[in-house]
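Reader: I'd like to go through the labels on this model one by one and hear what backs each of them up. Could you show it first?

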Amino acid sequence: MDPELRRPVTELDMVPRVSVQGDRVAIDLELTIVGCPAADRIERDVRAAASSVSGVASVDVAVGVMAPAVRDALIARLRGDRPAMPFTPDSLTRVIAVTSGKGGVGKSTITANLAVALAQQGLRVGLVDADVFGFSIPGLLGIAGERPTRVGEAIMPPRAHDVGVISIGMFVDERTAVSWRGPMLHRTVQQFLTDVYFGDLDVLVLDMPPGTGDVAISVGQLLPHAEVLVVTTPQKAAADVAERSALVARQTGQTVIGVVENMAGLAQPDGSVLELFGSGGGAETAARLDVPLLARVPLSVALREGGDAGEPIVLVEGDPAAEAIRELARVVAARGRGLAGRPLTVTPR
């Protein structure tokens with residue numbers, strides 16, 4: 001399997017020739033580009049697959065690169081008849097935008113763990129880090145420093161825990177301050193949605209920047225059918241601001257499906273809960289927006305440590321925060337894709 005395209009190499013025209021002489025096998029393996037980051041893994045897997053055949057004593061793999069015409073034909077076949085922006089309202093991919101009214105409420109941490117938890121359920125998941133100024137998704141998923149692979153006009157995103165991930169942090173130094181205005185922000189989001197090849201997805205998750213600025217408006221224009229999750233803390237000040245991001249989403253036609261209350265209390269050794277950020281903010285926001293409170297994620301040292309180490313907490317059993325996010329993923333996945341905004345192939349009489 002090509003780890004980026006997630007298809008067998010034989011279906012991708014990467015094995016043009018195989019010759020067998022007695023118990024010796026010679027395989028020509030053509031990669032999509034020079035310096036393919038998955039080259040060693042693909043060669044190793046091809047060699048292992050051939051060696052596993054009964055009667056084979058030795059395997060020789062000659063690694064080369066596809067001719068441009070072959071590569072272009074492959075990309076065209078992979079894209080098929082898809083529109084330039086594949087995540088249209090009539091797409092089967094659900095789009096879930098995770099937003100917040102203000103920074104510092106743990107939105108990106110929730111987003112990263114939610115994406116991994118959805119993948120744990122067997123869904124095909126892509127994650128777009130649309131928080132251009134405050135990109136943190138690569139670090140949270142343990143792929144800081146990794147770069148996408150360009151194959152022709154397509155960009156192949158790195159993968160982390162079975163999630164395809166794209167972020168502006170993969171194109172700039174992690175200590176670089178991105179200071180762009182509206183048109184550049186819009187173009188970045190648009191390119192992530194059009195030029196990045198995620199393959200067939202069940203769910204595309206977006207980590208939105210906090211607030212109601214340019215990116216929120218661009219995503220509303222490009223993805224008016226997106227479902228929105230609002231993240232807040234129990235604190236009243238955060239909850240009041242969180243409501244505004246939901247209102248902007250609704251103005252662009254998006255559907256707010258629920259609220260997630262993060263930092264919902266710290267369990268103490270005696271069994272009590274220390275509510276460092278107050279209580280009730282999530283429920284209050286959900287009530288005002290007339291949507292359900294989908295999850296209350298408690299404060300967790302392990303959750304914070306996992307984010308710093310690039311190891312999502314949902315990969316660990318036994319932590320209350322991890323279980324809360326896994327339950328959130330189950331609720332979100334069970335909700336299903338509605339028909340709002342989708343054309344029906346019905347001709348009225």
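**Labels and what backs them**

Author: Sure. The structure holds two aromatic pairs, and keep in mind that this is a predicted model.

Reader: Why is the pair of Phe171 and Phe192 called stacked?

Author: Their ring centres are 6.4 Å apart and the planes make an angle of 25°. The cut-offs are centres within 6.5 Å for a pair and planes under 30 degrees apart for stacking, so both labels apply.

Reader: What makes this pair a tie between parts of the chain?

Author: Phe171 sits in the loop between β9 and α5 (182-194), while Phe192 belongs to helix α5, so the pair links parts that are 21 residues apart in sequence.

Reader: How do you know whether Phe192 is buried or exposed?

Author: Its relative accessible area is 5%. Buried means under 20%, so the label for Phe192 is buried. Phe171 comes out at 42%. Exposed starts over 50% and buried ends under 20%, so Phe171 is partly exposed.

Reader: On to the sheet. What makes β8 and β15 edge strands?

Author: The open sheet has eight strands in the order β8-β9-β5-β10-β4-β11-β12-β15, and its pairing is mixed. β8 (159-160) and β15 (293-297) each pair on one side only, and that is what puts them at the edges.

Reader: How do you know that β12 and β15 really pair?

Author: Four bridges join β12 (residues 255-262) to β15, and the two run parallel. Pairing takes at least two bridges, so these strands qualify. As a spot to look at, Glu261 stands opposite Arg296 in β15.

Reader: Which strands does helix α3 lie across?

Author: Helix α3 (residues 107-120) lies across β4 (94-99), β5 (125-129), β9 (163-167), β10 (203-207), β11 (227-232), β12 and β15. Against β10, helix α3 runs at about 165°.

Reader: Zooming out, why is the protein chain called as compact as a globular protein of its length?

Author: In secondary structure, the protein chain has ten helices and 15 strands. Its radius of gyration is 23 Å, close to the 20 Å from the globule rule for 349 residues, so the chain counts as that compact. The C-alpha trace spans about 75 × 60 × 45 Å along its principal axes.

Reader: How many of the residues count as buried, and what share of the contacts is between residues far apart in sequence?

Author: Of the 349 residues, 49% count as buried. Among contacts with a separation of 6 or more, 75% are between residues 24 or more positions apart.

Note on methods. Residues are numbered from 1 along each chain as its sequence is written. This is a predicted model: local features need pLDDT of at least 70, side-chain atom pairs count only at pLDDT 80 or more; totals for chains, interfaces and linings use all residues. Side-chain values use heavy atoms; hydrogens and water are left out. Contact means heavy atoms within 4.5 Å. Axes are lines fitted to C-alpha atoms, for helices over the stretch in contact, and angles run from 0 to 180 degrees between N-to-C directions. Rings of Phe, Tyr and Trp (its six-membered ring) pair if their centres lie within 6.5 Å; planes under 30 degrees apart count as stacked, over 60 as edge-to-face and the rest as tilted. Buried means under 20% relative accessible area, exposed over 50%, partly exposed in between (1.4 Å probe, protein chains only). The radius of gyration is taken over C-alpha atoms; the globule rule is 2.2 Å times the number of residues to the power 0.38.
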